[in-house]
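Welcome! Please take a moment to look over the sequence and the 3D view, and then use the briefing that follows as a guided tour.

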Amino acid sequence: MENTKDTTMEKVVSLAKRRGFIFQGSEIYGGLAGAWDYGPLGVTLKNNIKRAWWRMFVEERDDMYGLDAAILMNEKVWEASGHTGAGFTDPLVECEKCHKRYREDHLESTEKCPECGGKLGEKKDFNLMFETKVGAQGNAKSYLRPETAQGIFVNFKNVVDTMRPKLPFGIAQIGKAFRNEIAPREFLFRTREFEQMEIEYFVYENDWEHFFEEWRIRIWNWIDVLGLSHERVREVDVVGNDLAHYSKKTIDFEYDFPGKGFDELSGLAYRTAHDLESHIKGSGQRLVYTDAEGKTTVPHVIEPSFGLDRAVMAVLTQSYTEDNLGKDTRVFLKLPKDLAPVKVAVFPLMKNKPELVAKAREVYEEVKKIIPNSMFDDNGNVGKRYRRQDEIGTPWCVTVDFDTLEDNTVTLRNRDTGEQERIALSALIAELH
Ligand code: GAP
């Protein structure tokens, strides 16, 4: 069976835990709702996604500038941006009987508690920001940022003054964001601490539609980098109450998550000049762009925004595959090769033959020079090692056997087909290059 929509989320979550991708946060203390920890392979997968994103959207372009702003910001930032106000709230209802709290827009009935059947109280606006106190006196209020975007807006002038970019240009940032979600759920989908990869792309007001379209196409290119099939991704125009307080037009890119259905993976928003104008008012600073003729303008903004954890979840579910290679069902991750946490695994055919182990180590050292994300494995028999590597999505396995000692050839196995070919060591090194 290839990967289908019927692949259950339970299977993906179970593999993610079993193979060291993702663990429940604070697990030994019973966990903490909405917090997940990335294990050794998960962090590598996540870093590979970040690296691919940074390469594609920052390094390969001349009009993009990187940034890494602080998570803690002056509280005035959030007043100016509108996040302390009604714009950044979710509708909260509480059961009058069992006092359980729900996000009202996620309930089927807004009358009765789904747990105990008790009456639900009045709807309240619940602000999603985590508040914190700064300094030994604890008298300065701050927030854990709920989006990375504001770090970009408050540094707009710094980037313009130091880098002298020409409009249009963008500033990109990858980093943590925090939201006190009323109901964190569905694995990495809705968490209280997550990572965003965001771009604020500054344009002349008249050009916004043109650049909105350009970024729409680029998001599809990114979806290809993640290896997501186009049948499982759709665009949805966000309208009415769902439109964020800063946006005039937003398209959500939704992925068809197993057991959940289509839901937001990334968003593309036209934020107008809302944020820069608000920070001009709030800070009294001139956050403007000055052209070669000395004319000034407050740029408008196109914002492609990507949730990194949702990308990890989509990549894991898309690549989860079962087939009938061999006697039993084989589970493997058909990860895009660039994203796979381990690229090549090198084994000795038998671990109790010192000459094979020594030769395999030698091959491994050679391979590692070219592909650092390689692994040496001599646990269990070769069949079991293949299964283990399949489950973590390693594209290639190299086995060193007695023939290798004679003629310097190895067996190269392909993850997707299970096919093995005999290849000269020198050819292998050249191919990996
Ligand atoms: N700066 C725009 C912004 O923050 P958003 O739609 O609220 O827009 C952007 O968030 C992306 O962040 C979403 O598309 C989603 O992938 C991710 N995201 C938002 N809330 C999340 C949560 N609670 N858990 C995991 N990812 C989340």
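## A first look around

Phe402 is found in helix H11, which covers residues 402-407. Please keep in mind that this is a predicted model. With a relative accessible area of 33%, Phe402 is partly exposed. Phe402 also belongs to a nonpolar patch on the surface, together with Leu349, Met350 and Leu405. The accessible area of this patch is about 290 Å² in total.

**Helix H9 and its surroundings**

- Helix H9 runs over residues 354-370, which makes 17 residues. At 1.5 Å a residue, it should span 24 Å, and its end C-alpha atoms are 25 Å apart, so the two values agree.
- Which residues of H9 are buried? They are Leu356, Val357, Lys359, Ala360, Val363, Tyr364 and Val367.
- Because these buried residues cover an arc of only 165 degrees around the axis, they sit on the same side of H9.
- Turn H9 to the face that points away from its buried side, and you will meet the exposed residues Pro354 and Lys369.
- The cover over the buried residues of H9 includes three strands: E20 (344-348), E21 (374-376) and E22 (396-400). Helices H11 and H12 (425-432) are also among the elements that cover them.

**Salt bridges that link parts of the chain**

- Side chains of opposite charge can pair when their charged atoms come close. In this model, the count of salt bridges comes to 35.
- One of them joins the side chains of Arg19 and Glu391, at 3.3 Å from N to O. This pair links distant parts of the chain, 372 residues apart: Arg19 is in the loop between helix H1 (9-18) and strand E1 (22-24), while Glu391 is in helix H10 (residues 382-392).
- Are the two partners buried or exposed, or something in between? Arg19 is partly exposed, with a relative accessible area of 23%, whereas Glu391 is buried, at 12%.
- Glu181 makes a salt bridge with Arg103, and their closest N and O atoms are 3.9 Å apart. Glu181 is in the loop between strand E10 (169-178) and strand E11 (193-203), and Arg103 is in strand E6 (residues 101-103), so this pair ties together parts that are 78 residues apart in sequence.
- Glu181 is buried, with a relative accessible area of 6%. Arg103 is buried too, with a value of 13%.
- Asp401 and Arg422 bring their side chains together in a salt bridge of 2.8 Å, N to O. Since Asp401 is in the loop between E22 and H11 and Arg422 is in strand E24 (residues 420-424), the pair ties together parts that are 21 residues apart in sequence.
- Asp401 counts as buried at 12% relative accessibility, while Arg422 is partly exposed at 37%.
- Where salt bridges share partners, they can be traced as a network: Asp90, Arg103, Asp105 and Glu181 are joined into one in this way.

**Backbone details to look for**

- Most residues other than glycine have a negative phi, and most peptide bonds are trans. The next bullets point out some places that do not follow this pattern.
- The peptide bond from Leu167 to Pro168 is cis, and its omega is near 0 degrees. You can find Pro168 in the loop between helix H5 (156-163) and E10.
- What is the phi of Ser26? It is near 55 degrees, a positive value in a residue other than glycine.
- Ser26 is located in the loop between E1 and strand E2 (36-38). With 38% relative accessibility, Ser26 counts as partly exposed.
- Arg164 is not a glycine, yet its phi is positive, at about 50 degrees. Its place is in the loop between H5 and E10, and at 63% relative accessibility Arg164 counts as exposed.

**Val238 and its contacts**

- Look for Val238 in strand E12 (residues 233-238). At 13% relative accessibility, Val238 counts as buried.
- Which residues does Val238 touch, not counting those up to four places away in sequence? Val238 touches Leu243, Thr250 and Asp252.
- Val238 and Asn155 are 83 residues apart in sequence, and their C-alpha atoms are 28 Å apart in space.

Note on methods. Residues numbered from 1 in each chain as written. Predicted model: local features only at pLDDT ≥ 70, side-chain atom pairs only at ≥ 80, totals over all residues. Heavy atoms only, no water. Patch = residues over 30% accessible without salt bridge, like charges linked within 9 Å, V, L, I, M, F, W, Y side chains within 5 Å. Areas by Shrake-Rupley, 256 points an atom, 1.4 Å probe, with all protein chains shown as cover. Salt bridge = Lys/Arg side-chain N within 4 Å of Asp/Glu carboxyl O. Helix = DSSP H or I, 4+ residues; strand = E, 2+ residues; numbered from the N terminus. Buried < 20%, exposed > 50% of the residue type's maximum accessible area, 1.4 Å probe, protein only. Expected span 1.5 Å × (residues − 1). Arc of directions from axis to C-beta. Contact = heavy atoms within 4.5 Å.
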